[in-house]
Structures are given as structure tokens and as C-alpha cells.
Amino acid sequence: PLRRQRQMCIRDREREVQRIALREKWRRECGIPWGLHCTRFEDFEPEFQRRALRLCRQYAEDFDLDNPRGMPSLYLYSKEPGVCKTTLMACIATYLVDNWRGDPSSAGLPIRFENGPGLVRRVRATYNIPDAQKPYHETEEQVCAQLCTVKLLMLDDLGKEKPSDFTRELYWYLIDRRISLGLPVVVSSRLPLETGGPLEELVKYDTVNRLIGMCRGKIVTLSGASYRTRKLVP
């Protein structure tokens, strides 16, 4: 028994070393904006967005990164820019990665962080690629497969895209596929999540209606003066 315990301790230490390496890899590759890779709830100034901080932390603490199916989605809304929606999203992602204790031998990238305009450009960049360059570029199918099946999709700045049939079809497809797989999204936007509002112009009524259902009431409203202006940060 003593020998077996030692072997188990050695195995556990090796697995944790593998987890540490995976966590660092995920932070680099998940798409969190530069400067926010290691942003944590503990470093956030609570007096600035106390209620939003509490709700986002609770969401992260309740989230099961290994078994996300059936988890609710989250929508962060503010009328004003610069009130830390993106920062709080990065805090959620970092918390989930830091506290992940899964099997490192079979774990793939669990979080993908995209902003709305960047997502549209990423998909469009897969079009009209010369045949000679196609082996070196991701395809539309690969992009959509990642975004539809990743355990947590985080969409920042939804609403800054130019409304078009392309954006409506893209968001409908992503949301519809993630609903069919039971997978959540975390979204930030300066457009309120409500039917009959300006968000419908971008993604259509059906997609807005489904997002409302996915969030199950988990809508966080932020307000106040711009943190960027206050702290003189980008």
C-alpha cells in the first residue's frame, strides 16, 4: 500500500505539472486581449463595479468547465464604453483556467474569446484564398466547428459589426448550434438584450430570443464613468 501511495503521489504531481503547462498554453491561445491574459477577480477594484464583479465571480464559481452542457449563458450590457465588460470577461476566463483540475491527457482548448468585428473578419478571411495557400489557412468549416463546440464561447463587443445578411446568418448559426449542443456563451455588448431593440437589426429576432432563453435572466448591467479615462489605460 505504501508503494502504491507513493506511485499515486508521483502520478498526481506529474498530472499537475501537465495542467500548469496546459493552463499557460490556453491563456495564450484562447484569444483574450493582450494585457488581460492573467486578469483576476482579486485584482479588480471592487468599488468601481461592485455588483457586476459579484455576479461575474458567482457565474465563474458555478461554472463547470469539464461539464458545461446545460450551464446558463451570461450577458454583460452597458450603454457607456470603458466600464470593464471586457475585463470582467477576462476575469471569468482566467478563473476557469486557474481552477481547472481535469484530465490533462485528453483536454483541448476549452475557451474561445472573440470580439464581434474580429469574428466576422476571421470568417471572411477564409474566403477567396488562392489554391496554393489553402493548406496554410483555416477554413470556414474549421472556424465554425471550433466556435460551435468549444466548451465556453466568449463574444466581446457584440454589436460593433456592420449589420448584414452575413452577420445575421453567422450569429444565428453559432447560437443555434450551441443551443443544440447545450453549450453556453458569455456576451458583452452596448446593445441591450431585448426583443424589439437595436440588437435585432444585427442578429434578427430569433437569435435575440434564443439568447434571452440561454441566459435565463443572467444579464449584468454596468454603468458609470469610463475606467479607461479614469486610469488612462487603453
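The following paragraphs lead through the strands, the helices and several individual residues of this structure. The model is predicted.

The account begins with the sheet. Five strands form an open sheet in the order 2-3-4-1-5, and their pairing is parallel. The edges are held by strand 2 (111-115) and strand 5 (219-222); each has a single partner strand, so one side of each is left without a neighbour in the sheet. From one strand to the next, the twist averages 10 degrees.

The pairings can be followed from one edge across the sheet. Strand 2 and strand 3 run parallel and are joined by five bridges, and N115 has D156 in strand 3 as its bridge partner. Strand 3 in turn pairs with strand 4 in the parallel sense over four bridges. Here L153 is matched with V185, its bridge partner in strand 4. Towards the other edge, strand 1 (residues 74-78) pairs with strand 5, again in the parallel sense, over four bridges. In this pair, L222 of strand 5 is the bridge partner of S78. Helix 2 packs on the sheet and touches strand 1, strand 3 (152-158), strand 4 (185-189) and strand 5. The direction of helix 2 makes about 155 degrees with that of strand 5.

Burial can be considered for two of these strands. In strand 3, seven of the seven residues are buried, so this strand is largely enclosed by the rest of the structure. The side chains of strand 5 alternate along the strand. V220 and L222 point to one face and are buried, whereas I219 and T221 point to the other face and are not buried. L222 is thus both a buried residue of strand 5 and the bridge partner of S78.

The next topic is helix packing. Two packed helices are described by the angle between their axes and the distance between the axes. For helix 2 (residues 50-62) and helix 3 (residues 85-98), the angle is about 30 degrees and the axes are 9 Å apart. Helix 2 is therefore roughly parallel to helix 3, since angles under 35 degrees count as roughly parallel. The crossing in which helix 2 passes helix 3 is right-handed. On the side of helix 2, the contact involves A52, L53, C56, R57, Y59, A60 and E61, which meet L88, I92, Y95 and L96 of helix 3. By class, this contact of helix 2 with helix 3 comprises nine nonpolar residues, two charged residues and no polar residue.

Helix 3 also packs with helix 1 (residues 2-29). The axes of helix 1 and helix 3 come within 10 Å and cross at roughly 160 degrees. These two helices are therefore roughly antiparallel to each other, because angles over 145 degrees count as roughly antiparallel. Helix 1, too, passes helix 3 in a right-handed crossing. R23, W26 and R27 of helix 1 make the contact with T94, V97 and D98 of helix 3. The residues of this contact of helix 1 with helix 3 divide into three charged, two nonpolar and one polar.

Two loop residues can be placed against these elements. N99 is found in the loop between helix 3 and strand 2. With a relative accessibility of 39%, N99 counts as partly exposed. N99 and R23 are 76 residues apart along the chain, and their C-alpha atoms are separated by 9.4 Å. R23 is also one of the helix 1 residues in the contact with helix 3. S164 lies in the loop between strand 3 and helix 6 (165-181). At 19% relative accessibility, S164 counts as buried, because buried means under 20%. S164 and R54 are 110 residues apart along the chain, with a separation of 36 Å between their C-alpha atoms.

Two residues deserve a remark on backbone geometry. Most residues other than glycine have a negative phi. K204, a residue other than glycine, has a positive phi near 80 degrees. K204 is placed in helix 7 (residues 199-215) and, at 44% relative accessibility, counts as partly exposed. R216, likewise a residue other than glycine, has a positive phi near 50 degrees. The position of R216 is in the loop between helix 7 and strand 5. With a relative accessible area of 54%, R216 is exposed.

Notes. Residues numbered from 1 in each chain as written. Predicted model: local features only at pLDDT ≥ 70, side-chain atom pairs only at ≥ 80, totals over all residues. Heavy atoms only, no water. Axes fitted to C-alpha atoms, helices over the stretch in contact; angles between N-to-C directions. Parallel < 35°, antiparallel > 145°, perpendicular 65-115°, else oblique. Left-handed = near helix turned anticlockwise from the far one by under 90°. Contact = heavy atoms within 4.5 Å. Nonpolar A, V, L, I, M, F, W, Y, C, P; charged D, E, K, R; others polar. Pairing = 2+ DSSP bridges. Buried < 20%, exposed > 50% of the residue type's maximum accessible area, 1.4 Å probe, protein only.
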